[in-house]
Each structure stands twice: as structure tokens, then as C-alpha cells.
Amino acid sequence: MMASAAKSTLTGWLGAILALTASACKPQAGYPLDTLAPTSDLTKSLYDLFVEVTVLDVIVLIVVVGALFFAMLVFSTRTGGRREPSVKHSDMYLEMAWTIIPALILLAITVPTVRVIIKTQPYTWPRDTLPVEVIAHQWWWEFHYPTLGVETADEVHIPTGQTIHFELFSKDVIHSFFMPQVGGKRDVIPGQENQITLVANVPGEYYGQCTEFCGDSHANMRFRVFVQTPTDFQQWVQHQLQPPVKPVAGAAVAGAKIFADAPCAICHTIQGVSGFSKEYTYGFRGPDLTHFGSRRTLAGSIMDNTPQNVALWIRNPDAVKPGANMPTLGLSGDDMNNLVAYLESLK
Ligand code: CUA
């Protein structure tokens, strides 16, 4: 009676665990930070390692739990009269077994793990890599392409089929660069250069997120990775190298004047309009806005780039992203509409 109740409880639990595992492993289009949907050689290596270790762990779990329940079910009732258990101070074979078997299990996990670490963090990088400097700020991401002369913010574009070498720097505190489907995760530490190297192979738009607590708006420090075919990427680069088209009529003309007169130009670069030299590295600097109108998102990628959201952000940045360095400008009415029209014109 007791044995059959225990058996049905066990079956119930195993069923629940299997159902949970199956649902967790299904690819989820609705979860952009899904770590089980690799799209590069790096994330594929991490995923394969995860599967390898998980399978091994599940086998160990089944053996241990199976042995436990076997003992519980088989030896739960005693036949014959009461008698003292035998006293045994040591059993060399048993002790050897529980030393050697765990050591072999650890070895089976360590060898593939170290292999992946060595493979994904080589000491020297291939020559034909595309370097991308990632500079973390509280709370946004700056991206430089030193060999292409391109600069962008919160949205990074990379081509498929080419080795990308992300060089990670921080301007202030420790951040963590996490793009689960494309490139894993690595800390971004002031005074130290960390790196991620990968070859992306599935074009698409992917989510990224800072994953090291870095202050008030840590959760608002997101970014997007746009993986493009080499042709699309070249087109994007050529477009980024052009200065934005100067507005000649409409609200954007008035907006350009507001941009120049308001404090915006002190912190934000717009090619041909305002800006720091590339070598400028001191003091505060806001995102480069040269092609702001062509970006999908704004403010640390927390909002879609729509005129309403741009106005919402400029009206009170601190309400949208607590602690943001962007000041409140006190713009409203036509001034606000004109400035927004100008920023959105920067395609
Ligand atoms: Cu940057 Cu958290």
C-alpha cells in the first residue's frame, strides 16, 4: 500500500520535471534573451557544452535518485524479527568507488569546459577580424568601428561570416556585455580590456542587456545587435559614413537651430554640426546622434524610436531613465516638436 502510493508520487514528480524541462527547452520566439537559441559559432559552442553537461548531470541524477527510491521501496519493510545491523568500520571498495566515480564525473565536465574556454578565448586573434570597440557608460553603450570610421550608440551592426572582435571598455563602473543569442556574456571593467570574438551566422535583430548591477538605471542599459548579410552591412557602413542630410524646409530647420542653441550640442555629436574630436576622451559625452533618425530605439534601447517617445525622453529624461546624465531642457510646444522633427530627420 505504502509502496504503491510512493510509486505514484514518484511518477507524478518525474512527469512534472519532464514537462518543465521540455517546456524550458522549446525555442521561445517571445523571449529575446533566450540563451538556448544560438546564432553564432560562440553561442553554438556554449550551447553544445550546456547540452553535454546537462545530459551528464541528468544521467547522474537518474542513477542517484533511482538508487535512493529503489532502496526506499525495496527495503521499506523488514521481514523476519528485529536484529542489530552489522557493524563495519570501513569498506575499501566502497570508498574507492565514491572517490573515483565523482572524480571521473568532474573530469568529464572539466575537459569539454576547458576546451570551450580555450577555443573561444584564443591568445591571438585572426588577422582578418572586424574590430568593434564597445564603450560602456552609465547607462548606454557606445560602439566604434576603428577600421571603418563609424560610430554609433546602443545599436551595433555586424556582418555574417566574418570574425568580429569586440573590445570591451568601461568609462565608469563595472558593466557586463550580454547578447545571449549572438555572443554570450563578458564583464566590462574600467582600466581593463576584455574581449569577445565570434562569427555570427543568422541575420536578424537581437537583444542585448547589461548584466552587472551598475547603478540606478542598470536595468535600462540595453542594446540591439543587428546581424546583416555582408552586402547589407556594407550598405549600412556607407550610409553611416555620410553626414546627415541638412534639412532645408519645415519644422526640422527650426529644430536644427534649437539643437545648436540648447545644451544638446555640448554633449552630442552630429557629424558636420557639432562634436568632439575622435580622440576626445575626457568628461561626459552623450551618444553620437549623426544618424539618430535611422535607429530603431533610443535611450539605452528601452523605447522604440518614435516622435512621441523622443519627446517623452527629452521632456524629462530622469523620469524615463532614473539617474540619466541628460538634463531636462524645459522645452515644450513648437520648440519640442521642431527639435523632435530635426532629430527624426537625421536618417
Ligand atoms: Cu551597466 Cu548594469
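**Two sheets, a shared helix and the spaces around them**

Five strands make up an open sheet with mixed pairing, in the order β4-β10-β9-β6-β7. Strands here are DSSP runs of E with at least two residues, helices are runs of H or I with at least four, and both are numbered from the N terminus; two strands count as paired if DSSP finds at least two bridges between them. At the edges stand β4 (155-159) and β7 (184-188), each with a single partner strand, so one side of each has no neighbour in the sheet. Ignoring direction, neighbouring strands of this sheet are turned by 20° against each other on average. Axes for such angles are lines fitted to C-alpha atoms, for helices over the stretch in contact, and the angles run from 0 to 180 degrees between N-to-C directions.

All of this comes from a predicted model, in which local features need pLDDT of at least 70 and side-chain atom pairs count only at pLDDT 80 or more, while totals for chains, interfaces and linings use all residues. Residues are numbered from 1 along each chain as its sequence is written, and side-chain values use heavy atoms, with hydrogens and water left out.

Within this sheet, β9 (residues 204-210) and β10 (residues 222-228) run antiparallel and pair over six bridges. Y207 sits opposite R224 in β10. Out at the β7 edge, R186 is part of the strand. Setting aside neighbours within four places in sequence, R186 is in contact (heavy atoms within 4.5 Å) with Q121, L168, S176, F177, N194, Q195 and I196. One of these partners, L168, is 18 residues away from R186 in sequence, with 8.5 Å between the two C-alpha atoms.

There is also an open sheet of five strands with the order β3-β2-β1-β5-β8, and the pairing is again mixed. Here β3 and β8 (194-199) take the edge positions with a single partner strand each, so one side of each is left without a neighbour in the sheet. The twist from one strand to the next averages 20°. β2 and β3 pair in the antiparallel sense over four bridges, and E142 stands opposite A153 in β3.

Helix α4 has a part in both sheets. On the β3-β2-β1-β5-β8 sheet, α4 packs against β1 (130-137), β2 and β3, its direction making about 95° with that of β3. The same helix, residues 230-241, also lies across β4 and β10 and runs at about 135° to β4.

Aromatic rings add to this picture. A search of the whole structure turns up 11 aromatic pairs, where rings of Phe, Tyr and Trp (its six-membered ring) pair if their centres lie within 6.5 Å, and planes under 30 degrees apart count as stacked, over 60 as edge-to-face and the rest as tilted. Among them is the tilted pair of Y145 and F233, at 6.3 Å centre to centre and 45° between the planes. Y145 belongs to strand β2 and F233 to helix α4, so the pair ties together parts that are 88 residues apart in sequence.

Two backbone details stand out in the loops. Q138 and W139 are joined by a cis peptide bond, with omega about 0°, and W139 is found in the loop between β1 and β2. A299 is not a glycine, yet has a positive phi of about 55°; this residue is in the loop between β11 and β12 (303-304).

As for empty space, the structure holds one cavity of 30 Å³ or more. On a 1 Å grid over the protein atoms alone, a cavity is a set of points where a 1.4 Å probe fits but cannot get out, a pocket is an open set with protein on both sides within 12 Å along at least five of seven lines, and lining residues have an atom within 4 Å of a point. Grid points are joined across faces, edges and corners, and a volume is the space filled by probe spheres set on the points. The largest cavity contains about 50 Å³ and is lined by W140, E142, E151, T152, A153, T269, R285, G286, P287 and D288. β2 (140-145) and β3 (150-153) each supply at least two residues of this lining, with the largest share, three residues, coming from β3.

The second largest pocket has a volume of about 540 Å³. Of its 32 lining residues, H268, P287, L289, W313 and M326 are the closest to the centre. Two or more lining residues come from each of α6 (264-267), β11 (297-298), α7 (307-315) and α9 (333-345).
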